[in-house]
Amino acid sequence: MSLAEGSMATNTEWHPIKQFLGYTGCGFALIVLNQPINDDELFRDLWSIAETRVAADGGANRVYDLNQKSLVKTGNIPSSAGNYANLDTIIGDLDSLSERSRNFFTTSPANCTVIHDPDQYSTDFTKAVKFIRREFPGRDIVCMGGLGGRVDQGLSQIHHLYMFQTSPTYADGRMFFLSGESLSFLLKAGRHRIHVREPDATVGNFVRMSGDPFAKYVGIIPIKEPSVITTKGLEWDVEDWPTEFGGQMSTSNHVLPETKVVEVETTKDVLFTIALKQKQGAQGS
């Protein structure tokens, strides 16, 4: 009997496009990590609709740099607020936070709360997630600067996806890693329908986001343990297909041109990642 004929209870709908276009009921908290922001326009779109904006320690430096860049582009004087003065919270051990960033975000018109958490047994990312989970229970979280940088940091961030999403129903909120290249999130054991195209989506004033923002490349990675997956909507679909590190894995698969929804059924938690379309000259702020 195939997985599709089984009785697995979980059946989860994903609408990341509507989430990143600010649809009602799709709100999220934005965490900015201390990694390069390679797509300024995508960042600006997310920043404009986030319900709260939290920088994990040196992530505030990245926001500050973008803010200064926005002032140069608009011709404003350095003392102006800029596009990103409305950072809400900076949290971490603050060993990476620059003095100029701290001064800027704690001086009017900016009104940012700085929280010093000296715990050396948790990362600044962990502190940011715990803060959001405490202050905004059940809120989805988008992490900007997701899986770039050092390999050990990237693996640590994937570890956090598992650590902070233990509920099979995402009761504590879903988490997304977003970079200028891809979107990644955790599929819990069960059935999933990922809406990768929303042709009727209302785009509004967004610069980078659209109803069709994703490129064709998809990966389904069994990070924690072996799984058995069935897919629909990909160029190389599989059925009852064992996957594990050291064995076979579905990487660099392709979303078919006519596919609006990718279906994945998995016996264990797996990482789903899909590439973003690249835009020429998308570095403007």
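**Close-up views of a predicted model**

**View 1. The largest pocket and its lining.** In this predicted model, 21 residues line the largest pocket, and those nearest its centre are T123, D124, F125, Q153 and Q157. Two elements, α5 (124-135) and α6 (151-163), each give two or more residues to this lining. The biggest share comes from α6, which supplies 5 residues. As for the room inside, the largest pocket holds about 410 Å³ of space.

**View 2. The chemical make-up of the pocket lining.** What kinds of residue line the largest pocket? Sorted by type, the lining has 11 polar, 7 charged and 3 nonpolar residues.

**View 3. Helix α2 and its surroundings.** Take a look at helix α2, which covers residues 40-49. This helix is largely enclosed by the rest of the structure, because 7 of its 10 residues are buried. You can find the buried ones at D40, E41, L42, F43, D45, L46 and W47.

**View 4. The largest nonpolar core.** Here 55 residues make up the largest nonpolar core. Which of them touch the most other members? They are L30, F43, I90, F105, L178 and F272. F43 is thus a name to recognise from the previous view, as it also belongs to the buried residues of α2.

**View 5. F105 and its neighbours, with a second core.** Leaving aside residues up to four places away in sequence, F105 touches A60, V63, Y64, Y84, A85, L87, I90, A110, N111 and C112. Another core, of 22 residues, lies apart from the largest one, and its members include F125, F131, M175 and I221. F125 may look familiar, since this residue is also among those nearest the centre of the largest pocket.

How values were computed. Residues are numbered from 1 along each chain as its sequence is written. This is a predicted model: local features need pLDDT of at least 70, side-chain atom pairs count only at pLDDT 80 or more; totals for chains, interfaces and linings use all residues. Side-chain values use heavy atoms; hydrogens and water are left out. On a 1 Å grid over the protein atoms alone, a cavity is a set of points where a 1.4 Å probe fits but cannot get out, and a pocket is an open set with protein on both sides within 12 Å along at least five of seven lines; lining residues have an atom within 4 Å of a point. Grid points are joined across faces, edges and corners, and a volume is the space filled by probe spheres set on the points. Helices (H or I, at least four residues) and strands (E, at least two) are DSSP runs, numbered from the N terminus. Ala, Val, Leu, Ile, Met, Phe, Trp, Tyr, Cys and Pro count as nonpolar, Asp, Glu, Lys and Arg as charged, and the others, Gly among them, as polar. Buried means under 20% relative accessible area, exposed over 50%, partly exposed in between (1.4 Å probe, protein chains only). A nonpolar core is a set of buried Ala, Val, Leu, Ile, Met, Phe, Trp, Tyr and Cys residues joined through side-chain atoms within 4.5 Å. Contact means heavy atoms within 4.5 Å.
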